[in-house]
Amino acid sequence: MSRHATPYHHGALREALIEATEALLAERGPDGFSLREVARRAGVSPAAPAHHFGDAAGLLTAVATIGFAGLTEALERGDARGGGDPRAALREQGLEYVRFALRHPGRFRLMFRSQQLHDEPALLAQADAAFEVLARGVRRLWGVPDAAAMRPQHWQAVLGLWSLVHGTAHLAIAGKFDMFRDGVPPDVFVAATLAPVLEATLDGLVARAAAPPDGALSPRSGPACPDRPAPAARSKARRR
């Protein structure tokens, strides 16, 4: 057994394979994933992962599902840290989103690689749950009772905030901020730089949502501008 392998004990195969997959993803990313290498690191036969998960996509889907569950927990933590201030809650959600990516870079990259995953109900449900934390925060900011009452400007806010933190997360885990950090830990640097950008973005979005609708995201304007995407469509979008 190599120095990378983890001892496999009867009854813990699933956990051993998931742990080995996480380690491999952190080192090589989704493109470097190998079912045979995962089996080697877990200390099991090459056929063991396929026997338990069906195929490589089955194992990766299990890891991605765990990832979305963890992301939901992180977003809920940020939301709670905002207390009764909806704007602070959205800001803290955004910071937690990027912190999650920094803690789990391999897992985070995988979660949005839909071509490597199965569309399993558990995965779609967990992806929807993470999205709903953000959408709920936007509704609370503008006093919107439910998704059916959201205007185009509210959905623009959801998409704009998600795009901002998702892009920041990918840049951070790719090391693109390293030249600017000057020795400051990545999570500290991101918090210091992202928080004021989120505040300014929220200022603009609040002003935009208060303006009369311009039809940019009209609920009746067709498939490209839905009132609220179907759950499966939202999940697929979140995993691209």
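Two aromatic rings of Phe, Tyr or Trp count as a pair here if their centres lie within 6.5 Å. With that in hand, welcome to the tour; keep in mind that this is a predicted model.

**Stop 1: an aromatic cluster.** Select Phe-68, Tyr-97, Phe-108 and Phe-112, and show their side chains. Together they form one aromatic cluster. Across the structure there are 6 aromatic pairs, and we will visit two pairs along the way.

**Stop 2: Phe-131 and Trp-162.** Select these two residues next. How far apart are the centres of the rings of Phe-131 and Trp-162? The distance is 5.9 Å, and the ring planes stand at 75 degrees; planes over 60 degrees apart count as edge-to-face, so that is the name for this pair. Phe-131 sits in helix H7 and Trp-162 in helix H8, so colour both helices: the pair links distant parts of the chain, 31 residues apart. Both Phe-131 and Trp-162 are buried.

**Stop 3: where H7 meets H8.** Now widen the selection to residues 121-142, which make up H7, and residues 152-173, which make up H8. Two packed helices are described by the angle between their axes and the distance between the axes. For H7 and H8, the axes come within 10 Å and cross at roughly 130 degrees. That angle makes H7 oblique to H8. The crossing of H7 past H8 is right-handed.

To see the contact itself, show the side chains on both sides. H7 brings Phe-131, Leu-134, Ala-135, Val-138 and Trp-142, while H8 brings His-154, Trp-155, Ala-157, Val-158, Leu-161 and Trp-162. Of the residues in this contact, 10 are nonpolar, 1 is polar and none is charged.

**Stop 4: Phe-177 and Phe-189.** Here is another pair of rings. Their centres lie 6.0 Å apart and their planes are at 45 degrees, so this pair is tilted. Phe-177 belongs to the loop between H8 and helix H9 (178-181), and Phe-189 to helix H10 (residues 186-210); 12 residues separate them, and the pair links distant parts of the chain. Phe-177 and Phe-189 are both buried.

**Stop 5: helix H2.** Finally, select residues 35-42. Why is H2 described as largely enclosed by the rest of the structure? Because 6 of its 8 residues are buried. These are Leu-35, Glu-37, Val-38, Ala-39, Arg-41 and Ala-42. Add helix H1 (13-28), helix H3 (48-53) and helix H4 (56-81) to the view, and you have the helices that the buried residues of H2 pack against. Just after H2 comes Gly-43, which has a positive phi, near 75 degrees.

Note on methods:
Residues numbered from 1 in each chain as written. Predicted model: local features only at pLDDT ≥ 70, side-chain atom pairs only at ≥ 80, totals over all residues. Heavy atoms only, no water. Axes fitted to C-alpha atoms, helices over the stretch in contact; angles between N-to-C directions. Helix = DSSP H or I, 4+ residues; strand = E, 2+ residues; numbered from the N terminus. Parallel < 35°, antiparallel > 145°, perpendicular 65-115°, else oblique. Left-handed = near helix turned anticlockwise from the far one by under 90°. Contact = heavy atoms within 4.5 Å. Nonpolar A, V, L, I, M, F, W, Y, C, P; charged D, E, K, R; others polar. Buried < 20%, exposed > 50% of the residue type's maximum accessible area, 1.4 Å probe, protein only. Phe/Tyr/Trp six-rings, centres within 6.5 Å; stacked < 30°, edge-to-face > 60°.
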